[in-house]
Amino acid sequence: MKNTLISTIDADNFSDEELEPFAEMLKSGKTVAFPTETVYGLGANALDSKAVRAIFQAKGRPSDNPLIVHVASRKDVESLVEEMTPLAQKLADTFWPGPLTIIQKKKSDVPETVTAGLDTVAVRMPSHPVALRLIALAGVPVAAPSANLSGKPSPTRGSHVIKDLNGRVDGIIDGGMAMVGLESTVVDATGEDPVILRPGGITREQIMAATELPEKRRPVEGQSRRALRDEKAPRSPGMKYTHYAPDAPVLVIRASRQENMVDAIKNQARHYCSEKDRVGILCTEETLKKGWPLLWKDGNPRLERITSEGWRLILTGSLEKPETIANRLFDALRSFDDTDVTVILAEAIPEDALGQAIMNRLLKASKGEMAGIETDKNLSGRS
Ligand code: TXA
Ligand code: MG
């Protein structure tokens, strides 16, 4: 057990003095969890292999899954990357600081522990004021995966990090709730066209607009002709692991039309209830208001809601504002771990813009998806 230093820091009003002890830790090869605008990261000096190994150990992360290196300025990128391609420059100009990670050919100084032996490195300049200042004060590039135990949903609150990593890392900065709530978009910018390896806070449409790509060169997620030709290994090794899962299995419920969603969820919930499951439901405001109007109250997402059927209902956000769903998703998934539910039925949402990243994470958290209405036919996804 490590003696973890924990500090609460107000992201809107903090001093360098408050961050200094943590910056010192990073300088001296220790591990520090800190808030970013996407999710919390668990950082260590990216140029120090031993420090980076401590990250993998604290998280229980497989060593073949490379890390994102966080920088505080464009100058910091020079120590990591041979040369930024014009595409990478354009993306950095447009989206940094912010939730976009850019993959480039790496310099030899970047240890293999960071890149899991790949010849590329993932770099991001976060926009969270605490993250930016911490990295600047540390004066080193900071390798940081999400600050959760491997397999758990990424942390969006300091309390999530404390639950997973207290005693396993040297420092934790609790800076309140992450703004975006989903991890950064990962883009391979080693070629001429961007390849989206992981959807996230920056959407495909935003990337197309920034790079002035015509519709026929619309980036396909996780693929490119070059990738298919050149590479034997998967391009983004992290995508193959199970992720984000709460303790109870998650089943994603789809409905043929949005107006059928309440029925779809209720039918499946009745089915699981009859199988002696304790049912949890993860749904949007719209579904809650229509299906259980008495439970809406003031819409506080953290309110305890048990339906008259005895199901536990946890709210994500509004379909009209997908950013509220993104912001709440991991917190909502994690909050089921404090309950006794044995199955979680999660509402699918349309996969446009941010919906793509939200559904990507939800499906990774799940054991399967099913059409909600066809109660009897489609239950084989369960495990
Ligand atoms: O928003 C985020 O990206 C957060 C915050 C802390 O910055 N970080 C994060 O890191 O989500 P992590 O380790 O949970 O996810 C990093 C992803 C993984 O899927 C990994 O495989 C991929 O980036 N990745 C890292 N380096 C790569 C590389 N050189 N080539 C391809 N994929 C890479
Ligand atoms: Mg992660």
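**Exercise 1. Contact range and overall make-up**

Task: Among contacts between residues at least 6 apart in sequence, find what share joins residues at least 24 apart.

Solution:
- Contact means heavy atoms within 4.5 Å.
- Of the contacts in the protein between residues at least 6 apart in sequence, 71% link residues at least 24 apart.
- The model is predicted: local features need pLDDT of at least 70, side-chain atom pairs count only at pLDDT 80 or more, and totals for chains, interfaces and linings use all residues. Residues are numbered from 1 along each chain as its sequence is written, chains are lettered from A and ligands numbered from 1 in the order in which they are written, and side-chain values use heavy atoms, with hydrogens and water left out.
- Next, the secondary structure: 13 helices and 15 strands. Helices (H or I, at least four residues) and strands (E, at least two) are DSSP runs, numbered from the N terminus.
- Then burial: 57% of the 383 residues count as buried. Buried means under 20% relative accessible area, exposed over 50%, partly exposed in between (1.4 Å probe, protein chains only).
- Last, the surface: the protein exposes about 16400 Å², and carbon and sulfur atoms supply 49% of that area. Accessible areas come from the Shrake-Rupley method with a 1.4 Å probe; for residues, only the protein chains shown count as cover.

**Exercise 2. Helix 1 against helix 6**

Task: Determine at what angle the axes of helix 1 and helix 6 cross, and which residues make the contact.

Solution:
- Helix 1 spans residues 16–27 and helix 6 spans residues 129–138. Their axes come within 8 Å and cross at roughly 55°.
- Helix 1 is therefore oblique to helix 6. Angles under 35 degrees count as roughly parallel, over 145 as roughly antiparallel, 65 to 115 as roughly perpendicular and the rest as oblique.
- Axes are lines fitted to C-alpha atoms, for helices over the stretch in contact, and angles run from 0 to 180 degrees between N-to-C directions.
- The crossing of helix 1 past helix 6 is right-handed. A crossing is left-handed if the near helix is turned anticlockwise from the far one by less than a right angle, and right-handed if clockwise.
- Helix 1 contributes Asp16, Leu19, Glu20, Phe22, Ala23, Leu26 and Lys27. Helix 6 contributes Val130, Arg133, Leu134, Leu137 and Ala138.
- By class, this contact has eight nonpolar, no polar and four charged residues. Ala, Val, Leu, Ile, Met, Phe, Trp, Tyr, Cys and Pro count as nonpolar, Asp, Glu, Lys and Arg as charged, and the others, Gly among them, as polar.

**Exercise 3. Helix 12 against helix 13**

Task: Repeat the analysis for helix 12 and helix 13.

Solution:
- Helix 12 (residues 322–335) and helix 13 (residues 354–365) have axes that come within 9 Å and cross at roughly 15°.
- The two helices are therefore roughly parallel to each other.
- Helix 12 passes helix 13 in a left-handed crossing.
- On helix 12 the contact uses Pro322, Glu323, Ile325, Ala326, Leu329, Phe330 and Leu333. On helix 13 it uses Leu354, Ile358, Arg361, Leu362 and Ala365.
- The class split is ten nonpolar, no polar and two charged.

**Exercise 4. Backbone geometry in loops**

Task: Locate the cis peptide bond from tryptophan 96 to proline 97, then place lysine 297 and alanine 353.

Solution:
- The cis bond from tryptophan 96 to proline 97 has omega near -10°. Proline 97 sits in the loop between helix 4 (86–95) and strand 5 (100–105).
- Lysine 297 is not a glycine, yet its phi is positive, about 50°. Its loop runs between helix 11 (285–291) and strand 13 (312–315). Lysine 297 is exposed, at 57% relative accessibility.
- Alanine 353 also has a positive phi, near 45°. Alanine 353 is in the loop between strand 14 (343–347) and helix 13. Its relative accessible area is 42%, so alanine 353 is partly exposed.

**Exercise 5. Phenylalanine 336 and threonine 115**

Task: Decide whether phenylalanine 336 is buried or exposed, and list its contacts beyond four places in sequence.

Solution:
- Phenylalanine 336 lies in the loop between helix 12 and strand 14.
- Its relative accessible area is 2%, so phenylalanine 336 is buried.
- Outside its neighbours within four places in sequence, phenylalanine 336 contacts Gly280, Ile281, Leu282, Arg312, Ile314, Val341 and Ile344.
- Phenylalanine 336 and leucine 282 are 54 residues apart in sequence and 9.3 Å apart, C-alpha to C-alpha.
- Now threonine 115, in helix 5 (residues 112–115). Threonine 115 is buried, with a relative accessible area of 2%.
- Not counting residues up to four places away in sequence, threonine 115 touches Pro66, Lys106, Val110, Thr120 and Val121.
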